[in-house]
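Colleague: Please take a close look at a single part of this model, the sheet, and describe how it is built and what packs around it. I should like one connected account, from the pairing of its members outwards.

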Amino acid sequence: MRSVRSLLRLPVLAGVGLALAVTSAFAADKTFTDEQTRAIEETVHNYLVTHPEVLIEAMQALDKKEAAAAQAQARSVIEKNSEVLFHDPSTYVAGNPKGNVSIVEFFDYQCGYCRANFEPLREAVKQDGNVRFVLKEWPVLGPASRFAAKAAMAARQQGKYLEFHNALFGLKGGLTDERVFDTAAKVGLDVTKLQKDMEDPAIEKALTRNDSLARALGFEGTPSFVIGKDAYKGLLHPDEIGEYVAKARDECGQTTSC
């Protein structure tokens, strides 16, 4: 409980710091006498003690402002990189490839939140029927994740990407090279060919592009999404998916690059 209380105090402490900075500025301003400066400091102190909610409101306003700035920056990145985001030939597109709105997911096969989002996303895309589901491997959880990502991308050479992708997300626990290849065999992939195709330099280049894009968008982990013209971080609840798709459709009209 103490740790929770400490977390709740952080915005207040930050606001106190701001207030102290303001009063320090008054103290440094030689326009005011020492007596006037002390009176100002006492007034600020008393007001904050009487109205502590002002600090929280100030921090909430700051959070909103920072979030809006981050989204504006992400929108700029999306606009400048729309072709590689939505139409990179190395990226598999599920759902309706001719849909008028895209959900771009940056994911890791070992990410628990990605697994939690797996079925809700599939169901939302299926129910809508007019969504391009762009699947971008972003293996951020270590070598095993990178190995699985390369195997999945190589599976396109045998026309079984989606089956393999779905099967990998159906596994419980961490991944190993052996588990990845066992899963590949179970969905009908030629494992020997898969191993060879995984060494294609184009796969490594695609993963590098995905990583650069994700970081440019301000993403810090998986899952992360681009839906239409906006970026979203973290797990999406089922109702949010529909809400964000509807927002994108309203903004983008009938284009197929949004």
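Modeller: Two strands are taken to pair if DSSP finds at least two bridges between them. The model is a predicted one. On that basis, the sheet is open and consists of five strands, which follow one another in the order β1-β3-β2-β4-β5 with mixed pairing. Its edges are formed by β1 (92-95) and β5 (230-233), each of which pairs on one side only. On average, and with direction ignored, neighbouring strands of the sheet are turned by 25 degrees against each other.

The pairing may be followed from β2 towards the edge at β5. Strand β2, residues 101-107, runs antiparallel to strand β4, residues 224-227, and four bridges join the two. Within this pair, E105 of the one strand is found opposite F225 in β4, while I103 has I227 in β4 as its bridge partner. On its other side, β4 pairs with β5, again over four bridges and in the antiparallel sense. Here V226 has A231 in β5 as its bridge partner. The strands β4 and β5 form a hairpin with two residues between them, and in this hairpin G228 adopts a positive phi near 65 degrees.

How are the two faces of β4 covered, and by which residues is this shown? On one side lie S224 and V226, on the other F225 and I227, and all four of these residues are buried. Burial here stands for under 20% relative accessible area. Thus F225, which faces E105 across the pairing with β2, is buried, as is I227, the partner of I103. For the protein as a whole, 36% of the 258 residues count as buried.

The next layer to consider is helical. Helix α7, residues 161-170, packs on the sheet and touches β1, β2 and β3 (131-137). The direction of α7 makes about 65 degrees with that of β3.

Helix α7 in turn has a helical neighbour. It packs with α6 at an angle of about 155 degrees, the two axes lying 8 Å apart. An angle over 145 degrees counts as roughly antiparallel, and α6 is therefore roughly antiparallel to α7. In this contact A148, A151, A152 and M153 of α6 meet Y161, F164 and L168 of α7. By class, the contact comprises seven nonpolar residues, with no polar and no charged ones.

One step further out, helix α6 (residues 143-154) also packs with helix α8 (residues 177-186), at an angle of about 20 degrees and with axes 9 Å apart. Since angles under 35 degrees count as roughly parallel, α6 and α8 are therefore roughly parallel to each other. The crossing of α6 past α8 is right-handed. F147, A148 and A151 of α6 make this contact with D177, V180 and F181 of α8. It has five nonpolar residues, no polar residue and one charged residue. A148 and A151 thus take part in the contact with α8 and also in that with α7.

For context, the protein contains 11 helices in addition to the five strands. Among contacts between residues at least 6 apart in sequence, 74% join residues at least 24 apart.

Methods: Residues numbered from 1 in each chain as written. Predicted model: local features only at pLDDT ≥ 70, side-chain atom pairs only at ≥ 80, totals over all residues. Heavy atoms only, no water. Axes fitted to C-alpha atoms, helices over the stretch in contact; angles between N-to-C directions. Contact = heavy atoms within 4.5 Å. Parallel < 35°, antiparallel > 145°, perpendicular 65-115°, else oblique. Left-handed = near helix turned anticlockwise from the far one by under 90°. Nonpolar A, V, L, I, M, F, W, Y, C, P; charged D, E, K, R; others polar. Buried < 20%, exposed > 50% of the residue type's maximum accessible area, 1.4 Å probe, protein only.
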